[in-house]
Amino acid sequence: MRYYLAALVILLALWQAAAYVVNKPYLPPLTDVVARALSDGPTLAKNLAATLARVGAAASIALASGMAAGLAASWLSERVSANLLRAAVLLTYPIPHVALLPILLHLFGVEASKVALMSLIAFYPVALSVMEWTQRFPRDLAALIYTMGGGRLAVVRYVVLPSALPGIITGLKIALNTAYSVSFIAESLALTDGLGALIYDSWHRLDFTEMYAAILTLSAAGVLTYAAMSALEKKLTEWL
């Protein structure tokens, strides 16, 4: 923890020093940004709540669909189907999914397309983690379950999923932070609410202190979420 605090102090000190050296409106001093964040607390809190709701919905969809696709690609009884699904996930992963936004807008409308875009991009870290980690289970334990009369579902439940849990949580952590990053693009489409919309709006009004205050708030939410997921991971995998 002390290393994280030291790195944070160094980064903030560099920001403050760079602001004084550059001395331009587009890079205000950290102290001005913090003062603005405190004065704009209610506005930031309202937009943070909107962003957190979208990130939560997107992460839930990405976790459910990524788990289903990852497990199916690894454990479908028909190996041809499994390989086709695995290939489909890998082939569509490099697509710049943000470019699909006009299609999502037509399909889901303005509000739902924001969550759709975030969940689509967050889907891949979860699906790929599940696909990779479900291949790394103790084969001898699986053989033991088969010998005792257990089936494929029992192997998945008692061997595959527990051994893949660290990788699944890592994929979810990446997916959550990806959703935070994509929220700026998704919410800047229609300036209704959310920190992404606030950043975009203040940017175009050249209100840089408000823009950085919103960026800091979004970054802090991402860091706290990552820390919470790390604590959950430690709790769930303490038996390892």
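The following paragraphs describe the overall architecture, a bent helix, the largest pocket and the aromatic pairs of a predicted model.

The protein has 240 residues, of which 41% count as buried. Its secondary structure amounts to 9 helices and 0 strands, and the order of elements along the sequence is accordingly written α-α-α-α-α-α-α-α-α. Taken along the principal axes, the box filled by the C-alpha atoms comes to roughly 70 × 45 × 30 Å.

Helix α5, which covers residues 101-133, departs from a straight course. A straight helix of 33 residues would be expected to span 48 Å at 1.5 Å a residue, whereas the end C-alpha atoms of helix α5 are separated by only 31 Å. A kink of about 120° is found in this helix, and the kink is centred on Gly-109. In the loop that runs between α4 (79-92) and α5 lies Ala-99, a residue that is exposed, its relative accessible area being 56%. Although Ala-99 and Leu-117 stand 18 residues apart along the chain, the distance between their C-alpha atoms is 9.9 Å.

The largest pocket encloses about 830 Å³ of space. Its lining is made up of 24 residues, and those closest to the centre of the pocket are Leu-8, Ser-219, Ala-220, Val-223 and Leu-224. Two or more lining residues are supplied by each of the elements α1, α2 (30-39) and α9, with α9 making the greatest contribution, at 11 residues. By residue class, the lining of this pocket consists of 21 nonpolar and 3 polar residues, with no charged residue present.

Aromatic contacts were examined next. A pair of aromatic rings is described by the distance of the centres and the angle of the planes. The structure contains 4 aromatic pairs. In one of them, the ring centres of Trp-15 and Tyr-212 lie 5.5 Å apart with the planes at 55°, and the pair is therefore tilted. Because Trp-15 belongs to helix α1 (residues 2-22) and Tyr-212 to helix α9 (residues 208-236), this pair ties together parts of the protein that are 197 residues apart in sequence. Trp-15 counts as buried, at 16% relative accessibility, and Tyr-212 is likewise buried, with a relative accessible area of 18%; the cut-off for buried residues is under 20%.

A further pair is formed by Tyr-200 and Trp-203, whose ring centres are 5.8 Å apart and whose planes meet at 90°, so that the arrangement is edge-to-face. Both residues lie in helix α8 (residues 195-204), where a spacing of 3 residues places them about one helical turn apart. Tyr-200 counts as partly exposed at 26% relative accessibility, and Trp-203 also counts as partly exposed, at 41%. Elsewhere in the chain, one aromatic cluster is formed by Tyr-93, Phe-123 and Tyr-124.

Helices α1 and α9 thus appear in two of these descriptions: they are among the elements that give two or more residues to the lining of the largest pocket, and they carry Trp-15 and Tyr-212, respectively.

Conventions
Residues are numbered from 1 along each chain as its sequence is written. This is a predicted model: local features need pLDDT of at least 70, side-chain atom pairs count only at pLDDT 80 or more; totals for chains, interfaces and linings use all residues. Side-chain values use heavy atoms; hydrogens and water are left out. Rings of Phe, Tyr and Trp (its six-membered ring) pair if their centres lie within 6.5 Å; planes under 30 degrees apart count as stacked, over 60 as edge-to-face and the rest as tilted. Helices (H or I, at least four residues) and strands (E, at least two) are DSSP runs, numbered from the N terminus. Buried means under 20% relative accessible area, exposed over 50%, partly exposed in between (1.4 Å probe, protein chains only). On a 1 Å grid over the protein atoms alone, a cavity is a set of points where a 1.4 Å probe fits but cannot get out, and a pocket is an open set with protein on both sides within 12 Å along at least five of seven lines; lining residues have an atom within 4 Å of a point. Grid points are joined across faces, edges and corners, and a volume is the space filled by probe spheres set on the points. Ala, Val, Leu, Ile, Met, Phe, Trp, Tyr, Cys and Pro count as nonpolar, Asp, Glu, Lys and Arg as charged, and the others, Gly among them, as polar. The expected span of a helix is 1.5 Å times one less than its number of residues. The bend at a residue is the angle between axes fitted to the seven residues ending there and the seven starting there.
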